[in-house]
Amino acid sequence: ITSLYDENVDGYELALKALLLQAIFLLLQYSKKITKKEKEQHSEKLKSVLDYIGEHYAEPISIAELAELCYFSEYHFMRFFKKYMGESAMEYVRNVRLAKAAELFEQGAQSSLEVSLSCGFNNLSYFHREFKEKYGMTPGTFQRKINV
């Protein structure tokens with residue numbers, strides 16, 4: 001590269017650009033390789049997080065708590081989770097809680113307050129709003145449709 005630059009031959013800019021592009025190409029090939037072992041580690045970490053959410057959905061869950069399970073920083077964990085799950089960790093937790101709430105209604109639960117509290121929602125109006133957004137109807141309408 002330095003000899004091309006020093007000689008200042010016609011078209012040296014194109015030759016320099018070609019060499020730089022080749023260097024970038026080689027770096028990209030190296031950076032994209034994720035080993036089978038790394039994929040397995042990512043899968044294990046993700047599985048442990050999903051299992052934890054499945055077991056503790058009714059309790060308050062924080063990003064810090066989930067990141068600690070993977071030994072990641074909160075920032076890295078949020079990127080990792082979104083990359084593999086297609087949604088943020090908190091969106092996933094909310095969807096698990098809403099699915100559990102719908103399941104409880106299908107099993108005959110009557111009280112929206114009891115269902116919301118047992119699924120980790122501490123605010124009834126927030127529960128109603130999120131339930132309606134996900135299922136297109138309020139919990140009461142959902143119950144009536146099930147009981148018909």
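**Buried cysteines and overall architecture**

Cys119 has a relative accessibility of 0% and is therefore classed as buried, the cut-off being under 20%. Cys70 reaches the same class by the same criterion, since its relative accessibility is also 0%. A search covering the whole structure returned zero disulfides. These values, like those that follow, derive from a predicted model.

The secondary structure of the protein consists of nine helices, with zero strands. In sequence order, the elements give the pattern α-α-α-α-α-α-α-α-α. The protein is more spread out than a compact globule, because its radius of gyration is 26 Å, well over the 15 Å that the globule rule gives for 148 residues. Along the principal axes, the C-alpha atoms occupy a box of roughly 85 × 30 × 25 Å.

Burial was assessed over the 148 residues of the protein, of which 28% count as buried. Cys70 and Cys119 are among the buried residues. The exposed area of the protein amounts to about 10,400 Å², and 56% of this area is supplied by carbon and sulfur atoms. For contacts with a separation of 6 or more, 47% involve residues 24 or more positions apart.

With respect to charge, the protein carries 19 positive and 20 negative side chains. The centres of the two sets are separated by 6 Å.

Note on methods:
Residues are numbered from 1 along each chain as its sequence is written. This is a predicted model: local features need pLDDT of at least 70, side-chain atom pairs count only at pLDDT 80 or more; totals for chains, interfaces and linings use all residues. Side-chain values use heavy atoms; hydrogens and water are left out. Helices (H or I, at least four residues) and strands (E, at least two) are DSSP runs, numbered from the N terminus. The radius of gyration is taken over C-alpha atoms; the globule rule is 2.2 Å times the number of residues to the power 0.38. Buried means under 20% relative accessible area, exposed over 50%, partly exposed in between (1.4 Å probe, protein chains only). Contact means heavy atoms within 4.5 Å. Accessible areas come from the Shrake-Rupley method with a 1.4 Å probe; for residues, only the protein chains shown count as cover. Lys and Arg count as positive and Asp and Glu as negative; His and the chain ends are not counted. The place of a charge is taken as NZ of Lys, CZ of Arg, CG of Asp or CD of Glu. A disulfide is a pair of cysteine sulfur atoms within 2.5 Å.
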